[in-house]
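Let's take a friendly walk through a protein model. Keep the picture open beside you and find each part as it comes up.

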Amino acid sequence: MLTLTNTQSGKKESFKSLKPNNVAMYVCGITPYDRAHIGHGRCYVTFDVLYRVLQFLGYKVTYCRNFTDIDDKLINKARERFNDFSRYPEIAQENIDTYHNEMRALNCLSPDYEPRVTDNISEIITFIQELIDHGYAYAVEGDVYFSIASFDKYGALSGHDVANLRAGERVDVRTNKKDPLDFALWKSEKEKTFWDSPWGWGRPGWHIECSVLAKKYLGTQIDIHGGGLDLVFPHHENEQAQSWALHQVPFVNYWVHNGFVRLDKEKMSKSLGNIISLENLFKDIDPMIVRFYFLNHHYRAPLDFADQELQSLTKAYKKLCNLFVGVSSEDETVNVATLQKHAITQKILSHILDDLNTQGLLGVIFEYATQIAHDNELKKVIKAFVQQVLGLTLQPIKEQQVALSNRAKQLIVQREQARKDKNWALADDLRDELQAMGVEVQDKKTT
Ligand SMILES: [Zn+2]
């Protein structure tokens, strides 16, 4: 029996699907205003492994992962680059294409559905209208907000107390809300731009799209909803409020979240300017090593990006490939029964079923490498498992340098300090040096 940690209960729970032999899984996709980064890579590898594990267990899985292809950040990017906000679809397309290549390089299977928000505006408008009709949302001056007070389970996922949240809320620039915690479902535009709606011209808010797309492609109740830990609040809390309120049934059975990727103990994020894009990372490291690197950490634990570790894992991955050289696993399909035949594969099985403990599982393979090496049947089964379920191709890797050198990390720290000291000239020089090394830096606004 598979167990998964459910963020909503905070506990490891046995997995049971809503419908026999079927699983509906939704994972929040990227906002394609820029290249995907290592944090995205970790998230989508995590859910790719879960997708593969569920299929290995015999489930028919329907996997949906969206594209937020309309957003402030996309519009701003188009304005910056083309001096024309309406050209945001070009930026979205370029980043979606790159991302698809990167997902393939990481050997992530394609989801069954990859809907774009801009292709689903009428569904979004209908959903919002129904929320208004049932008293969960209200329109004011062309904007539409979800009313937190109308939904008594708000906070159930993230564990936030509504009264505390309200007390800590800053005054919002949009002053037309009834409650500072209410969040936007529809954002009005003064000009006749984007889409016409019953409330005037505008565009959808971020949270509503996932509720609508999950409903359209998977139904009103889904088995698994995944994403990075940073999405729990407010994004997933708000998704849950919208869907649960409207359908009067719990939206998600298992909320699954992967941990952050950190650099120098800080969460890697756009706003902190310490991003490593997959595009740059793959210039230096074989994507399979990156996948192997993710799998060597429990998906829920924070991952501290370190190139020494990448170096040692490159060696370990080569060892793993060598272990299976000359063994054909092509006609081998693994399932639970095949893994139950041997004590070593039983250990592998118990680790993967235990909240996707890929790290423990790989440990078993290395621990028993000598024994595995001398047993051809065992080698065949384990090779097939590693390829099918962990998604590691076990092909020879390209000899490459390890991505982010210690020098680059030093420069990032120095640059943060320079910015704190308001030494902009030095900060710019350090940024140029980092860019020359292939590390992109972006700054949050200083106040
Ligand atoms: Zn989402």
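## A salt bridge to start with

Begin with Glu-123 and Lys-216, whose side chains meet in a salt bridge, with 2.9 Å from N to O. Glu-123 belongs to helix H4 (residues 121-133) and Lys-216 to helix H6, so this contact ties together parts that are 93 residues apart in sequence. What you are looking at is a predicted model.

Are these two partners buried or partly exposed? Glu-123 has a relative accessibility of 26%, so it counts as partly exposed. Lys-216 is partly exposed as well, with a relative accessible area of 39%.

## More salt bridges

The structure holds 19 salt bridges. Another one of them joins the side chains of Arg-291 and Asp-48, at 2.7 Å from N to O. Arg-291 sits in helix H9 (residues 287-295), while Asp-48 sits in helix H1 (residues 38-56), so the pair ties together parts that are 243 residues apart in sequence. Both Arg-291 and Asp-48 are buried.

Next, look for Arg-203 and Asp-72, whose side chains meet in a salt bridge of 2.5 Å, N to O. Here a strand and a helix are involved: Arg-203 lies in strand S8 (residues 202-204) and Asp-72 in helix H2 (residues 72-82), so parts that are 131 residues apart in sequence are tied together. Arg-203 is buried, with a relative accessible area of 7%. Asp-72, at 36% relative accessibility, counts as partly exposed. Salt bridges can also link up into a network, as they do for Arg-35, Arg-81, Glu-94 and Glu-279.

## The zinc site

Which residues provide the protein donors of the zinc ion? They are Cys-28 (through SG), Cys-210 (SG), His-235 (NE2) and Glu-239 (OE), and they lie 2.0 to 2.5 Å from the ion. Along the sequence, these donor residues follow the spacing C-x181-C-x24-H-x3-E. Two of them link distant parts of the chain: Cys-210 is in helix H6 (residues 206-218) and His-235 is in helix H7 (residues 232-247), 25 residues apart. Both Cys-210 and His-235 are buried.

What about the geometry of the site? The angles among the four donor atoms run from 77 to 131°, and the site is irregular. The reason lies in the cut-off: four donors count as tetrahedral if all angles lie between 85 and 135 degrees, and the range here starts at 77°.

## Strand S6 and its partners

Now find strand S6 (residues 143-146), which is covered on both faces. On one side are Asp-143 and Tyr-145, on the other Val-144 and Phe-146, and all of these are buried.

S6 runs antiparallel to strand S5 (residues 137-140), and four bridges join the two. Within this pairing, Ala-139 stands opposite Val-144 in S6. S5 and S6 form a hairpin with two residues between them, and Glu-141 in the turn has a positive phi of about 50°. S6 also runs antiparallel to strand S7 (residues 183-188), to which three bridges join it. In that pairing, Val-144 stands opposite Trp-186 in S7.

## A sheet of three strands

Another place to visit is an open sheet of three strands, in the order S12-S11-S13, with mixed pairing. Strand S12 (266-267) and strand S13 (303-304) stand at the edges, each with a single partner strand, so one side of each has no neighbour in the sheet.

Strand S11 (residues 261-263) pairs with S12 in the antiparallel sense, over two bridges. Look for Arg-262, which stands opposite Lys-267 in S12.

## The whole chain

Finally, zoom out. How many helices and strands are there in the chain? There are 17 helices and 13 strands. The domain assignment gives domain 1 (13-261), domain 2 (285-388) and domain 3 (406-436). The C-alpha centres of domain 2 and domain 3 lie 39 Å apart.

The C-alpha trace spans about 75 × 60 × 40 Å along its principal axes. For 447 residues, a compact globule would have a radius of gyration near 22 Å, and the 23 Å of this chain agrees with that. Of the 447 residues, 54% count as buried.

Note on methods. Residues numbered from 1 in each chain as written. Predicted model: local features only at pLDDT ≥ 70, side-chain atom pairs only at ≥ 80, totals over all residues. Heavy atoms only, no water. Donors = N, O, S within 2.8 Å, 3.2 Å for Na, K, Ca; no water. Tetrahedral: all angles 85-135°; square planar, octahedral: opposite > 155°, others 65-115°. Buried < 20%, exposed > 50% of the residue type's maximum accessible area, 1.4 Å probe, protein only. Domains from an automatic or database assignment. Pairing = 2+ DSSP bridges. Salt bridge = Lys/Arg side-chain N within 4 Å of Asp/Glu carboxyl O. Rg over C-alpha atoms; globule rule 2.2 N^0.38 Å.
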